[in-house]
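The following exercises concern salt bridges, strand pairing and a disulfide. Please work through each task before reading its solution.

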Amino acid sequence: MTASTTRRSTAAKTRTQRPSRTVAVAATAVAGAMLLTACGDQTQSGSSDKETKGSAAASAPLADKLPKDIRDKGVIKVGSDIAYAPVEFKDKDGKTTGIDPDLAEAMGKQLGVTFQFENGTFDTLITGLRAKRYDIAMSAMTDTKDRQEGIDSETKKKVGEGVDFVDYFNAGVSIYTKKGADKGIKTWADLCGKKLVVQRGTVSEDLAKSESKKCTDGKKPAIAIEAFDNDQQAQTRLRAGGADAGSSDFPVAAYTVKTSGGGNDFQIVGEQVEAAPYGIAVAKQSTQLRDAIKAAMDAIIANGEYKKVLDKWGVAEGAVTEAKINGGS
């Protein structure tokens, strides 16, 4: 969610998802192979041990970078608002899918673990991370200085320790309206006196509050902002005629416009703004985990798996060439 101080968004022109069981199956297969090797030739145990370790390293080359407790569990718990298609959402069979889950599955192969996505409302994910309910938060979350420092984006007061981010994608914020009914809205300035629906805790909400102040400073009516727990609720409100426009990250807005009502419900108006990096949030004290996540992201960028995922979801324009730590502003 984007630029200002909260944010989730430049993909298709520019928040998700349970990796498949392939990592766990692969790990089981490797374990079985190791057992057979050990039993097959007791006279060359030294050689077999070396071969076994080499095989494990080859299948999960970055496993040693993880903290031992996570490596032993074989699971990284991910806090995510799984209602933000195409970044993370449930498919028709109830499976968690999308950009983030696919990237997490690819990283899991590098690290030898499963990324286990757990659903939560977006504005509680960092709190859950601080409370150690999750190991990381991966949910189209924009990396901002306020989040890094634990600052409330509206009051500018310190509310927590803050988090570190591993940045992996770039996205901006878009406005969308009912199809054929833009009501003269082309820019954020055009929203003065209009009603806007957004997801709570996102950059879209922050940006709307900031723009509303500009309206009143210029003697125009403020923007009427209605915030919801998730983006789907905001879409439903707009679809029913309860608002003039909605705002979300560009990949989400583009996906919504393409899929809702067979492409007949909504349209994007104007250009996306506030392009900023999505980051995987990690607790400040978890530096080893942070660095392991960065190494895994860099590895899938280098081996082409990252590009495959972005191409699959039509968001290649948001690609980065390397993961960065705390690159947001």
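**Exercise 1: Salt bridges between distant parts**

Glu226 and Lys195 form a salt bridge, with their closest N and O atoms 3.0 Å apart; a salt bridge here is a side-chain nitrogen of Lys or Arg within 4 Å of a carboxyl oxygen of Asp or Glu. The model is predicted: local features need pLDDT of at least 70, side-chain atom pairs count only at pLDDT 80 or more, and totals for chains, interfaces and linings use all residues. Residues are numbered from 1 along each chain as its sequence is written, and side-chain values use heavy atoms, with hydrogens and water left out.

*Task.* Locate Glu226 and Lys195 in the chain, and state how Glu226 is classed by accessibility.

*Solution.*
1. Glu226 belongs to strand S8 (residues 224-228) and Lys195 to strand S7, 31 residues apart, so that the pair links distant parts of the chain. Helices (H or I, at least four residues) and strands (E, at least two) are DSSP runs, numbered from the N terminus.
2. Glu226 is partly exposed, its relative accessible area being 22%. Lys195 is likewise partly exposed, at 25%. The classes are buried (under 20% relative accessible area), exposed (over 50%) and partly exposed in between, with a 1.4 Å probe and protein chains only.
3. A further salt bridge joins Asp244 to Lys183, with the closest N and O atoms 2.7 Å apart. Asp244 lies in the loop between helix H8 (231-239) and S9, and Lys183 in the loop between S6 and S7, 61 residues apart. Asp244 counts as buried, at 15% relative accessibility.

**Exercise 2: A salt bridge within a helix**

*Task.* Determine how many residues separate Lys68 and Asp72, and whether Lys68 is buried or exposed.

*Solution.*
1. The closest N and O atoms of the salt bridge between Lys68 and Asp72 are 2.6 Å apart.
2. Both residues lie in helix H3 (residues 68-73), four residues apart, which is about one turn of the helix.
3. Lys68 is exposed, with a relative accessible area of 55%, and Asp72 also counts as exposed, at 53%.
4. In total the structure holds 18 salt bridges. Asp164, Lys284, Arg290 and Asp291 are linked in a network of them.

**Exercise 3: The partners of S6**

*Task.* Identify the strands that pair with S6 and explain why S6 is described as largely enclosed.

*Solution.*
1. S6 pairs with strand S10 (residues 266-283) in the antiparallel sense over 13 bridges; two strands pair if DSSP finds at least two bridges between them. Val163 stands opposite Ala283 in S10.
2. S6 also pairs antiparallel with strand S9 (residues 245-249), over four bridges, where Ile175 stands opposite Ser247.
3. Two bridges join S6 to strand S11 (residues 324-325), again antiparallel. Here Asp167 stands opposite Lys324.
4. Because 14 of the 16 residues of S6 are buried, the strand is largely enclosed by the rest of the structure.

**Exercise 4: The disulfide**

*Task.* Establish which parts of the chain Cys192 and Cys215 link, and derive the handedness of their disulfide.

*Solution.*
1. Cys192 is joined to Cys215 by a disulfide (S to S 1.9 Å), defined as a pair of cysteine sulfur atoms within 2.5 Å.
2. Cys192 lies in the loop between strand S6 (163-178) and strand S7 (195-199), and Cys215 in helix H7 (residues 203-217), 23 residues apart.
3. The torsion about the S-S bond is about -85 degrees, so the disulfide is left-handed.
4. Cys192 and Cys215 are both buried.
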